[in-house]
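Me: I would like a close look at a single part of this model, namely the surroundings of its ligand. Please give one connected account.

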Amino acid sequence: MQPIHELYPLLGTPRKAVITMHQKPDADAMGSALGLYHFLVQLGHEVTVISPTNWARWLYWMPGCDKVVDYELQREKAETILAKAEWLFCLDFNVLARTKQMAATLEKLPFTRILIDHHQQPDMPKFTFGISDTSKSSTCEMVYDFIIGGGFGNLINLEVSECLYAGVMTDTGSFRFPAASAAVHNMVAFLKGRGLDHTRVHENIYDNYLENRLRFIGHVLLHRMEVFYEYNTALIAISKKDLLRYEIKTGDTEGLVNYPLSIQGIRLAALVIDRDEERKWSFRSKGDFDVNTFARNYFEGGGHFNAAGGRSSASLDDTVQHFIDAMKENQAQLQEENYN
Ligand code: 5GP
Ligand code: MN
């Protein structure tokens, strides 16, 4: 993989480009893709954002979101665009399998693949150009660095700013996590200088749910959360019945895994959701418990040191039991007291 700055001399020639991200894109995935989109179109490139799956309704406000192609819904259209593309930007993921049904096409087409990502263990040989930096707060911060590094700060308009701010804000837990570095705050200062209304972005994302989602959270915290104090761990398991009863849609469960971490002493929080095709896991930790390794070892997943995900094709009960066994195996690390 050649460093991303080697792409700058090529940006002057208009290309057909596709930008994609991981399945069920969150605000960082969608924000980085659309932020890059609004930048590249100003340079004259023909750009399409293709999402492997659908996305949360609280992302619909993002400028350009209405033009994003949903691969699952519009497969033929997406395949036609992909077949003509010269460049494929892969944002906020680093192994093609995270694009689900799209992965086979991305694997075989002869376009130049470009990586911008902050997750661990990238599949480097798949990418011609790129940057992988696990110290970065978000892919949105990396897209910002890419634009600024090329001397294109003047192209950061309101659309770019709103998209990029959304991902930095959400991936840093509203500027709370250690990754919210001085560089992140400088970036925000720059975006503010370009006219960004950050309150609008916060409200669009956090104050834009339907009533049923809040009732669902109440139900889940009351009835579906188990706390294992001897392991400093809490687990939430959500059945299909719960999802149906509260009409839960993509994105409604975002952030739920963070609630148990607000209990004093809890350093590992796990959430499993019984989706149609698989049981989807989310893991969050505080301090030095490495959920990236945990997710890789036990749940075919990965991610970051303190935030990761995984999956299982076992039943909900069986995968919960597998988690409890895994938690017990990690008792020594979970009980260590020297975490911040
Ligand atoms: P979430 O729990 O919010 O779905 O994911 C937490 C972090 O782990 C995100 O950065 C996400 O991209 C990553 N992640 C989630 N699921 C998986 C997975 O199955 N494999 C890998 N490699 N990363 C994942
Ligand atoms: Mn991210």
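Which of the 13 residues around ligand 1 come nearest?

Reply: The model is a predicted one, and the account below should be read in that light. Of the 13 residues around ligand 1, those that come nearest are Arg98, His119, Lys280, Ser282 and Arg284.

Two of these residues place side-chain polar atoms beside the ligand. In lysine 280, a side-chain N or O atom is 2.9 Å from a nitrogen atom of ligand 1. In arginine 284, a side-chain N or O atom is 2.8 Å from an oxygen atom of ligand 1. The backbone takes part as well: a polar backbone atom of glycine 302 lies 3.1 Å from a nitrogen atom of ligand 1.

As for cover, ligand 1 on its own has 500 Å² of accessible area, and the protein covers 82% of this. Two or more residues of the shell around ligand 1 come from each of strand E11 (279-285), strand E12 (302-303) and strand E13 (307-312). E13 gives the largest share of that shell, with four residues. Sorted by class, the shell around ligand 1 consists of eight polar, three charged and two nonpolar residues.

A separate feature concerns the packing of two helices. Helix H1 (residues 27-42) and helix H4 (residues 139-149) have axes that come within 8 Å and cross at roughly 20°; H1 and H4 are therefore roughly parallel to each other. The crossing in which H1 passes H4 is right-handed.

Conventions. Residues are numbered from 1 along each chain as its sequence is written. Chains are lettered from A and ligands numbered from 1 in the order in which they are written. This is a predicted model: local features need pLDDT of at least 70, side-chain atom pairs count only at pLDDT 80 or more; totals for chains, interfaces and linings use all residues. Side-chain values use heavy atoms; hydrogens and water are left out. A residue is near a molecule or strand if one of its heavy atoms lies within 4 Å of it. A polar contact is a pair of N or O atoms within 3.5 Å; within protein, one must be able to donate a hydrogen and the other to accept it, and residues adjacent in sequence count only if both atoms are side-chain atoms. Accessible areas come from the Shrake-Rupley method with a 1.4 Å probe; for residues, only the protein chains shown count as cover. Ala, Val, Leu, Ile, Met, Phe, Trp, Tyr, Cys and Pro count as nonpolar, Asp, Glu, Lys and Arg as charged, and the others, Gly among them, as polar. Axes are lines fitted to C-alpha atoms, for helices over the stretch in contact, and angles run from 0 to 180 degrees between N-to-C directions. Angles under 35 degrees count as roughly parallel, over 145 as roughly antiparallel, 65 to 115 as roughly perpendicular and the rest as oblique. A crossing is left-handed if the near helix is turned anticlockwise from the far one by less than a right angle, and right-handed if clockwise.
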